[in-house]
Amino acid sequence: MALHWPSRFPMVTVTALRLALLAEERRAALSHALFRAFWVQDGDLNDPQTLEAALREVGLDASLLERASEPAVKQRLLSNTEAALHAGIYGAPSFVVEQHHGAPQL
């Protein structure tokens, strides 16, 4: 799989982020599908067809796209974004790694 600089950059990913929240236990798989769509296939993550294809690729129902505009989903993304900013996190993807001091507990 060859990565390519996308023809559209930066990309507005609000709907894709909301879909990731809705994907629950399939979030990692959907994230991989969305990354492939954008970085390998030069897909438009604002295009409903691209998003639906990523959902189907990982076994999720395309109807999740309709749910992405629900107020509760919008608020969840907003809350997550505010928590990330408060923690000093910006950009996507981002990861938080906990550090434990001392000997590991077995």
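By the ring-centre criterion, the count of aromatic pairs comes to 4 in this predicted model. One of them joins Phe9 and Trp39. Their ring centres lie 6.1 Å apart, and the planes meet at 55°, a tilted arrangement. Phe9 belongs to the segment before H1, whereas Trp39 sits in helix H2, so this pair ties together parts of the chain that are 30 residues apart in sequence. Both rings keep some access to solvent. Phe9 has a relative accessibility of 47% and therefore counts as partly exposed. Trp39 is also partly exposed, because its relative accessible area is 25%.

Trp39 takes part in another aromatic pair, with Phe38. Here the geometry is edge-to-face, with 5.0 Å from centre to centre and 80° between the planes. Phe38 has a relative accessibility of 6%, so this residue is buried. The threshold for that class is under 20% relative accessible area. Taken together, ring pairs join Trp5, Phe9, Phe38 and Trp39 into a cluster.

The nonpolar interior was examined next. The largest nonpolar core holds 20 residues. Within this core, the members that touch the most others are Leu19, Leu30, Leu34, Leu45, Leu51, Leu55 and Leu60. Four helices each give two or more residues to the core: H1 (14-22), H2 (27-39), H3 (48-57) and H4 (64-67). The largest share comes from H2, with 5 residues.

Leu51 illustrates the packing. With neighbours within four places in sequence set aside, Leu51 is in contact with Thr15, Ala16, Leu19, Leu34, Leu45 and Leu65. Among these partners, Leu19, Leu34 and Leu45 also belong to the group of core residues that touch the most other members. Leu51 itself is part of that group.

Helix H1 contributes several buried positions. These are Ala16, Arg18, Leu19, Ala20, Leu21 and Leu22. Arg18 is thus listed as buried alongside alanine and leucine residues. The cover over the buried residues of H1 includes H2, H3 and H4, together with helix H5 (71-86). After H1 comes Glu24, which has a positive phi, near 50°.

Helix H3 also carries Thr50. At 15% relative accessibility, Thr50 falls under the 20% limit and so counts as buried. Beyond its neighbours within four places in sequence, Thr50 is in contact with Ala37, Gly43, Asp44 and Leu45. Leu45 is thus a contact of Thr50 and a contact of Leu51.

Charged pairs were considered last. Side chains of opposite charge can pair when their charged atoms come close. The structure holds 5 salt bridges. In one of them, Asp44 pairs with Arg8, and the closest N and O atoms are 3.6 Å apart. This bridge links distant parts of the chain, 36 residues apart: Asp44 lies in the loop between H2 and H3, and Arg8 lies in the segment before H1. Asp44 is partly exposed because its relative accessible area is 22%. Arg8 is likewise partly exposed, at 31% relative accessibility. Asp44 is also a contact of the buried Thr50.

Glu57 and Arg36 form another salt bridge, with an N to O distance of 2.3 Å. Again the pair links distant parts of the chain, with Glu57 in helix H3 and Arg36 in helix H2, 21 residues apart. Glu57 has a relative accessibility of 46%, so this side of the bridge is partly exposed. Arg36 is partly exposed too, at 25%.

A further salt bridge joins Arg67 and Glu70, whose closest N and O atoms are 3.5 Å apart. Arg67 counts as partly exposed at 37% relative accessibility. Glu70 is in the partly exposed class as well, at 32%. Finally, Arg8, Asp42 and Asp44 are joined into one network by salt bridges that share partners.

Methods. Residues numbered from 1 in each chain as written. Predicted model: local features only at pLDDT ≥ 70, side-chain atom pairs only at ≥ 80, totals over all residues. Heavy atoms only, no water. Core = buried A, V, L, I, M, F, W, Y, C linked by side-chain atoms within 4.5 Å. Buried < 20%, exposed > 50% of the residue type's maximum accessible area, 1.4 Å probe, protein only. Contact = heavy atoms within 4.5 Å. Phe/Tyr/Trp six-rings, centres within 6.5 Å; stacked < 30°, edge-to-face > 60°. Salt bridge = Lys/Arg side-chain N within 4 Å of Asp/Glu carboxyl O.
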